[in-house]
Amino acid sequence: MPVSPLGREIDRVDGRSKVTGAAQYAADYPVADVAYAYVVTSTIAKGRILAMDTAAAVAAPGVRAVFHPDRNLGFRPPRAGSPALMVENYLPLQDREVRYYGQAVAMVVAETFEQARDAAALITTTYESAPPRISLEAHSPGVQPPLPPNMGPANVTVLAPGVDSIDAALAASDVRVEATFHQPVQHHVAMEPHASVARWNEARTEVTVWTGSQSPMIAAQLLADRLHLPLEAVRVICTYTGGGFGSRVRSWNDSILAVGAAYQLGRPVKVVMTREQVFTMVGHRGQINHTVRLGASRAGVLQAVSHESDAELPAVGGWPMLPATDTTDTLYRTPNLHVRQRFVTLDMPPSWAMRGPNEAPGAFALETLMDEIAVRTGVDPVEVRLRNYAAVSPSTGKTFSSKHLEECYRVGARRFGWSARRAEPRSRTDGEWLIGMGMATAIYPGNRMPVNASVELRDDDTAVVSTATSDIGTGALTVLAIVGADQLGIPMRKVTPRLGDSWLPPGATAAGSAATSSTVPSVVAAAEGAIAELRRLAVSEPASPWHGADLADVTYAEGRLSGAGRSMTFGRLLAVLGRKSLVVDRQTALAPEMIAQYEFHSFGAHFCEVRVNRFTGEPRVTRFTTVVDAGRVVNAQAARSQIVGGVIFGIGQALLEKNPVETGTGRLAASNMADYMVPVNADVPDIDVHLLREPDPHVGALGTRGLGELGAVGSAAAIGNAVYNATGIRRYDLPITLDKLL
Ligand code: MOS
């Protein structure tokens, strides 16, 4: 009997192709007769193009076309009532307006990439420039635009009976802490630069686009919408995608430019953003200023929680959700709660979701001040969190579908050795290093989306599991193989997983930590459906040896049908019936009554040790333990990898990452992976990840909840809290660089 791979340590099925270079990313596809594009970007942040001299570029060797506002790509306005899937609210190269520094203003298409790039350098542009709005402080307070319907309200106030206002509740608390936090601009910095190759059919009625995406479905829908085509006329292929972190949930101008130019020229066109262009043409995590105020009893029990935020929302379009306050209304029990989210319109490049888009900035603030409550009351930080443990959501009153956060704290504290911590800052040293310990909570919504998946049983005893999701490095392809093998009872090597193609059954967006939890129940349903169909054929088809038998007498197990003293593999039966294969497609979604009844969240606890050099202020993360409660684990190796990656995001957020905006010009200072600092191996210790693996009884078949973004939430606060414990210095402005610790 094959041992099920479910929950085990499974190497990813695409590992070899990735490390040997066989994996083809968007720009790698060998498309015959392709022409190469190079995008020219603006050097002002706000204003108009007065004139553009393209004569030299047009005459340059190999150039086939130069597109710009006076020779544009001829896009029609969007269809009425079309979904707002594009982040940016204009079409590129269609008009002379400049909306941000680094916006596409022209594009050269030539026979080679080098010819296009060299010709692009010959274009001169004159602008009429206006002062851009770039300062979050100068343009605050923001406003509250309507939020997307699946988001909570921007404003939540829950007050205990007899309490007039959150301010009154805070004033009545024995212990009060308050701080204003600054989250600077951050970037996803996915390894694969954003790129698209577009090829139309001869009649120019159908187009295939190879582009890295977190959702081939969204990418295809967006283009179909822009091109006034039916969805089936657009095929998006992203078999491999070199990282997302939010930056590929929606498409950026590379795909639209490639499709438009390929249409105009009647040949395939490849658009690859330079690394510098990725920093502006792809949305960043917007700046946020937010203030948290907590009131507690002397025993550390919360009496009032307030979280108010002003976040950047670029005029050109951006992340419209709740980029700070979303966690605060769910994490701790409190009789008085107030969250308020406002948005400040700026002339910045587009912003967009970045790993834990609402939760990572929000949790840094809330969890830093929870540590301050511990300091002020003398109660241990873990104990403070236990004293405020929420059995129900404080904002909605709903119970959690499954919550084992207490166990995360307990197991984490033991694995890490938390009991050795000394509450007094600067009380542990090792030579010139001050040693501190810190902890914080992780929380992330456990959403599920409606998703289709298909299972195909073939006459050679193999199966194919298909769904139009993406594997952005998470191991989604391997999840399909694992669950297919588990449900069919056959070895993984007999299961071929397929994703990354919008023509497959409509699949999950690889976002919101919900791709696995959404996809797994659909694969389970499709496998069950395929087995049921196989049994039905066995008793109903005249060629079947079981023809006329009772359905109940023909059973399926481990790839074989058995009954009435006979047994044969499913492949053999299909062959006997003269069929190559049998395909069943199923959709599943979280039931509305479950959504009405439960809060679905995943949880975790971070513990870390930081050493700060007493002479240079240099902070180093030296130990890290994270324990997570995300329901059943499908692939223990990939799940641990996801949490490790999230914690590394936390190290970047806490200690390294920011991109200042140049005053006056609106230019983002960093535009490469040397100036924009992300953690490298030398910044990252061994990260100890423990998975609790308790299946969620309500989320769906197999009980798996999201965990992708969980590690990125709270990890920065754990580091900041350890920095405080080491040095006695508390910082609210990220990142906590060495100059701030002297
Ligand atoms: Mo993630 S920021 O939901 O792609």
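**Exercise 1. Locate proline 735 and describe the peptide bond before it.**

Step 1. In this predicted model, proline 735 lies in the segment after helix H17, which covers residues 715-727.

Step 2. The bond that joins leucine 734 to proline 735 is cis, with omega near -5°.

Step 3. For background, most peptide bonds are trans.

**Exercise 2. Where is proline 141, and is the bond from serine 140 to it cis or trans?**

Step 1. Proline 141 sits in the loop between helix H4 (136-139) and strand S7 (155-158).

Step 2. Omega of the bond from serine 140 to proline 141 is near 0°, and the bond is cis.

**Exercise 3. Describe helix H17: its span, its burial and what follows it.**

Step 1. H17 has 13 residues, and at 1.5 Å a residue the expected span is 18 Å. From first C-alpha to last, H17 reaches 18 Å, close to that expectation.

Step 2. A residue counts as buried if 20 or more other C-beta atoms lie within 10 Å of its own. In H17, 13 of the 13 residues are buried, so the helix is largely enclosed by the rest of the structure.

Step 3. Glycine 728 follows H17, and its phi is positive, near 80°.

**Exercise 4. How do helices H16 and H17 cross, and which residues make the contact?**

Step 1. The axes of H16 (residues 636-656) and H17 come within 7 Å and cross at roughly 50°.

Step 2. H16 and H17 are therefore oblique to each other.

Step 3. The crossing of these two helices, H16 and H17, is right-handed.

Step 4. H16 contributes Gly646, Val647, Gly650, Ile651, Gln653, Ala654 and Leu655 to the contact. H17 contributes Ser715, Ala716, Ile719 and Gly720.

Step 5. Sorted by type, the contact residues of H16 and H17 are six nonpolar, five polar and no charged.

**Exercise 5. Compare the length of helix H12 with the expected span, then state its burial and what comes just after it.**

Step 1. H12 runs over residues 476-488, and its 13 residues should span 18 Å at 1.5 Å a residue. The end C-alpha atoms of H12 are 18 Å apart, which agrees.

Step 2. Because 13 of the 13 residues of H12 are buried, this helix is largely enclosed by the rest of the structure.

Step 3. Glycine 489 comes just after H12 and takes a positive phi of about 70°.

**Exercise 6. At what angle do H12 and H13 pack, and which residues meet?**

Step 1. The angle between H12 and H13 is about 30°, and their axes are 10 Å apart.

Step 2. H12 passes H13 in a right-handed crossing.

Step 3. On the H12 side, the contact is made by Ala476, Val479, Leu480, Val483, Gly484, Gln487 and Leu488. On the H13 side, Ala515, Thr516, Thr519, Val520, Val523, Val524 and Ala527 take part.

Step 4. The residues of this contact between H12 and H13 divide into 10 nonpolar, four polar and no charged.

Step 5. A general point helps in reading such lists: an α-helix has 3.6 residues a turn, so residues three or four places apart point the same way.

**Exercise 7. Describe the packing of H6 against H7.**

Step 1. The axes of H6 (residues 216-227) and H7 (residues 253-265) come within 11 Å and cross at roughly 50°. H6 is therefore oblique to H7.

Step 2. The crossing in which H6 passes H7 is right-handed.

Step 3. From H6, Ala219, Leu223, Arg226 and Leu227 meet Ser255, Ile256 and Val259 of H7. These contact residues are five nonpolar, one polar and one charged.

**Exercise 8. Which loops hold histidine 228 and serine 513, and is each buried or partly exposed?**

Step 1. Most residues other than glycine have a negative phi.

Step 2. Histidine 228 has a positive phi near 55° and lies in the loop between H6 and strand S11 (234-237). Because 13 C-beta neighbours lie inside 10 Å, histidine 228 counts as partly exposed.

Step 3. Serine 513 also has a positive phi, near 50°, and is found in the loop between strand S21 (495-498) and H13 (515-540). With 27 C-beta neighbours inside 10 Å, serine 513 counts as buried.

Notes:
Residues numbered from 1 in each chain as written. Predicted model: local features only at pLDDT ≥ 70, side-chain atom pairs only at ≥ 80, totals over all residues. Axes fitted to C-alpha atoms, helices over the stretch in contact; angles between N-to-C directions. Helix = DSSP H or I, 4+ residues; strand = E, 2+ residues; numbered from the N terminus. Parallel < 35°, antiparallel > 145°, perpendicular 65-115°, else oblique. Left-handed = near helix turned anticlockwise from the far one by under 90°. Contact = placed C-beta atoms within 7 Å. Nonpolar A, V, L, I, M, F, W, Y, C, P; charged D, E, K, R; others polar. Expected span 1.5 Å × (residues − 1). Buried ≥ 20, exposed ≤ 12 C-beta atoms within 10 Å, placed from the backbone.
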